[in-house]
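Grab a coffee and open the viewer: here are some exercises to work through with the structure in front of you. Try each task before you read its solution.

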Amino acid sequence: MLNLERLRTLDALARHGSVSGAAEGLHVTTSAVSQQMAKLEREVGQQLLARNGRGVRLTDAGRLLADHAARILSQVELAQSDLEAQRGQVVGELRLIAFPTAMRGLFPAVLSTLRADHPALRVRSRELEPELGVNAVIRGDADLAVVLDWYNKPLPMPEGLAKAAILDDPVEIAMPEGHPLAGRDAVDLEDFADDEWVAWAEGEFCHEWLLYTLRGKGIEPCIAHRAEEHQTQLALVAAGLGVCVAPRLGRDPIPAGVRAVPLRHRVHRYIYAVWRADADRRPSIRAAVEALQKAGESIGSAASQ
């Protein structure tokens, strides 16, 4: 009889590609991963791992069993989801992830709603960038992640995920009050071809979007400063150190000395939730999506007034 936890360890190794990565994903030590794999090899009577330099790789037998393990674990998730659905109660633990502005702009209301409406549900949340949030859901390290697409650049999305729209988040350009364009009712991205930009950390999805979008308009942007948090970016703008993209979600209050001007051609982000399709029937997932959509509607209504 194959042990489920050992199959879970093998699946983590296949997903992460290393013992240390699997240990981090499973929240155990590297020694525990190695011990589980040694026991699994004895159970199946075949070598599943082989040395590969300083690391390891899956043997042919290891890859074969890892493929089965992924399907078995998916079926287990589906069985748990069906049992929860039959019981119809929002209970147990729910692990949520959001990127920073969604964590600030959505989660206070969402977590309060879930606590009030479902006191038997234990919710755990943490902040991660969109790509990392998707990976955490795929690996089973989280149950649901709030992520985003830019209007012209979608986030790469693996198979096996379900999704639900939460909010369309319009963006503006934030600039110092003394900027020549600060008095306009609307601006174009091309207007800032010669400005210094305050942007996200290099390699982040939003940073890559900014480069992609400006270069598509024939602009090679001068990225003078990088900061992950929008509030930090706005503080640098207030100091007169550049301009930045300013999404509305989780943005307020705008610091003194900053003017946020809408773009003439609407630029926005699609905010949505993703979870594993095999967990689709879990009442806790349904409750979280409902709370997120309710919070999104409230923000959208306030923005239109």
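The exercises below go from the whole chain down to single residues, and the model they use is a predicted one.

**Exercise 1. Get your bearings: how many helices and strands are there in the protein chain, and what does the C-alpha trace span along its principal axes?**

Step 1. Count the elements: the protein chain has ten helices and eleven strands.

Step 2. Lay the C-alpha trace along its principal axes, and the span comes out at about 75 × 50 × 25 Å.

Step 3. Check burial. The chain has 305 residues, and 47% of them count as buried.

Step 4. Look at the contacts with a separation of 6 or more: residues 24 or more positions apart make up 75% of them.

**Exercise 2. Find the residues that the UniProt annotation "domain: HTH lysR-type" covers, and describe helix α2.**

Step 1. The annotation comes from an unreviewed UniProt entry and covers residues 2-59.

Step 2. Over that stretch the chain is 62% helix and 14% strand, with 18 Å between the end C-alpha atoms.

Step 3. Now zoom in on α2, residues 19-26. Its buried residues are Val19, Gly21, Ala22, Ala23 and Gly25.

Step 4. Ask what those buried residues pack against: the partners are α1 (4-16), α3 (30-44) and β2 (55-58).

Step 5. Step just past the end of α2 and you meet His27, which has a positive phi of about 60°.

**Exercise 3. Sort out the aromatic pairs: is the pair of Trp150 and Trp209 stacked or edge-to-face?**

Step 1. The structure has three aromatic pairs in total.

Step 2. Take Trp150 and Trp209. Their ring centres are 3.6 Å apart and their planes lie at 5°, so this pair is stacked; the cut-off for stacking is planes under 30 degrees apart.

Step 3. Place the two residues. Trp150 belongs to strand β5 (residues 144-150) and Trp209 to helix α8 (residues 205-216), so the pair ties together parts 59 residues apart in sequence.

Step 4. Check exposure. Trp150 has 1% relative accessibility and counts as buried; Trp209 is buried too, with a relative accessible area of 1%.

Step 5. Move on to Phe192 and Trp197, an edge-to-face pair with 6.2 Å from centre to centre and 70° between the planes. Phe192 is buried at 1% relative accessibility, and Trp197 is buried at 0%.

Step 6. Trace the ring pairs outward from Trp150: they link Trp150, Trp200 and Trp209 into a cluster.

**Exercise 4. Which rings have Lys153 and Lys163 lying over their faces?**

Step 1. For Lys153 the ring is that of Tyr212, with 4.7 Å to the ring centre.

Step 2. For Lys163 the ring is that of Tyr272, with 4.1 Å to the ring centre.

**Exercise 5. Explore the empty space: which residues lie closest to the centre of the largest pocket, and which lie nearest the centre of the largest cavity?**

Step 1. The largest pocket holds about 880 Å³ of space. It has 41 lining residues, and Arg8, Arg95, Arg139, Gly140 and Asp141 are the closest to its centre.

Step 2. See which elements build that lining. Among those that each give at least two residues are α1, α4 (60-87), β3 (92-98), α7 (130-139) and β11 (268-276).

Step 3. Turn to the cavities. There are two of 30 Å³ or more, and the largest holds about 80 Å³.

Step 4. Of the 13 residues that line the largest cavity, Phe99, Pro100, Glu129, Trp200 and His230 lie nearest its centre.

Step 5. Follow up on His230, which sits in helix α9 (residues 230-238). His230 is buried, at a relative accessible area of 8%. Beyond its neighbours within four places in sequence, its contacts are Thr101, Arg104, Trp200, Val245, Pro247 and Arg269.

**Exercise 6. Is Leu106 buried or exposed, and what is it in contact with?**

Step 1. Locate Leu106 in the loop between α5 (100-105) and α6 (107-117).

Step 2. Leu106 has 0% relative accessibility, so it counts as buried; the cut-off is under 20%.

Step 3. List its contacts, skipping neighbours within four places in sequence: Thr101, Val146, Ile166, Leu249, Ile271, Leu292, Ala295, Gly296 and Ile299.

Step 4. Finish with a distance. Leu106 and Ala12 are 94 residues apart in sequence, and their C-alpha atoms are 31 Å apart in space.

Methods: Residues are numbered from 1 along each chain as its sequence is written. This is a predicted model: local features need pLDDT of at least 70, side-chain atom pairs count only at pLDDT 80 or more; totals for chains, interfaces and linings use all residues. Side-chain values use heavy atoms; hydrogens and water are left out. Rings of Phe, Tyr and Trp (its six-membered ring) pair if their centres lie within 6.5 Å; planes under 30 degrees apart count as stacked, over 60 as edge-to-face and the rest as tilted. Helices (H or I, at least four residues) and strands (E, at least two) are DSSP runs, numbered from the N terminus. Buried means under 20% relative accessible area, exposed over 50%, partly exposed in between (1.4 Å probe, protein chains only). A charge sits over a ring if NZ of Lys or CZ of Arg is within 6 Å of the ring centre and within 35 degrees of the ring normal. UniProt positions are given in the numbering used here, feature names are shortened, and annotations may be inferred rather than shown by experiment. Contact means heavy atoms within 4.5 Å. On a 1 Å grid over the protein atoms alone, a cavity is a set of points where a 1.4 Å probe fits but cannot get out, and a pocket is an open set with protein on both sides within 12 Å along at least five of seven lines; lining residues have an atom within 4 Å of a point. Grid points are joined across faces, edges and corners, and a volume is the space filled by probe spheres set on the points.
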